[in-house]
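Dear colleague,

Please find below the structure that I am handing over to you. A short account of what was found in it follows.

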Amino acid sequence: MAIRGSLFFIFNNSLKEFSTAASQFSGFTELLHFLLLEYIKSGGFPEAITTQLIDGTDENKAKIYEKTINSVLEKIELSGLSKENSKRILLWILDTRSQTISYSGIGKDIGLKVVTVEKYLETLEQLQLVTVLTPPAEPEKSTYLKKAYLTDPMLEHSL
């Protein structure tokens, strides 16, 4: 019983400390909300967020988008994949978002073998650039029920 009472005391003090700390940030809620929305628009690329806030001209945005996609493609190339094929697959995913996909359908549309498409999608998923969703029941049998999405909004804007 003594342990239970002391845990309640610690928890109660933690809530008081948290409440005190949170009240110090109450004047920044609008700024934090604005920054969160900017982050959601531009994804996890800090330079894009900074450029958007400081100089949001279309010319600078285009430079940042180009720089972002080039750096992403360079990282993909380090994984042993072709930049061109990776970009074609990423563009295909962007164009067909929320539609069901199959590796053979992607391969047919962009001119790659099914095994190659599967390898590229696995690598892009490991690099956290793409998320491939499959139904929870028997995913190995549901090859035609997959959906693929780009994981970062900045990548979407860049493409």
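May I begin with the confidence of the model. Among the elements of the protein, helix α5 (residues 83–95) has the highest mean pLDDT, 89, while helix α3 (residues 46–54) has the lowest, 60. The model is a predicted one, and its mean pLDDT over the protein is 76, with 74% of the residues reaching 70 or more. Where pLDDT is low, the predicted coordinates should not be read in detail.

Next, the packing of the helices. The axes of α5 and helix α7 (residues 114–126) cross at roughly 80 degrees and come within 11 Å; α5 is therefore roughly perpendicular to α7. On the α5 side, N85, S86, I89, L90 and I93 make the contact, and on the α7 side Y120, L121 and L124 do so.

Helix α6 (residues 103–110) also packs with α7, at an angle of about 105 degrees and with the axes 8 Å apart, which means that α6 is roughly perpendicular to α7. Here Y103, S104, I106 and G107 of α6 meet V114, V117, E118 and L121 of α7.

Finally, the surface. A nonpolar patch is formed there by F25, F28, L31, L32, F34 and L35, which together have about 580 Å² of accessible area. Of these residues, F25 lies in the loop between α1 (2–24) and α2 (29–42).

With kind regards

Notes:
Residues numbered from 1 in each chain as written. Predicted model: local features only at pLDDT ≥ 70, side-chain atom pairs only at ≥ 80, totals over all residues. Heavy atoms only, no water. Patch = residues over 30% accessible without salt bridge, like charges linked within 9 Å, V, L, I, M, F, W, Y side chains within 5 Å. Areas by Shrake-Rupley, 256 points an atom, 1.4 Å probe, with all protein chains shown as cover. Salt bridge = Lys/Arg side-chain N within 4 Å of Asp/Glu carboxyl O. Helix = DSSP H or I, 4+ residues; strand = E, 2+ residues; numbered from the N terminus. pLDDT = per-residue confidence, 0-100. Axes fitted to C-alpha atoms, helices over the stretch in contact; angles between N-to-C directions. Parallel < 35°, antiparallel > 145°, perpendicular 65-115°, else oblique. Contact = heavy atoms within 4.5 Å.
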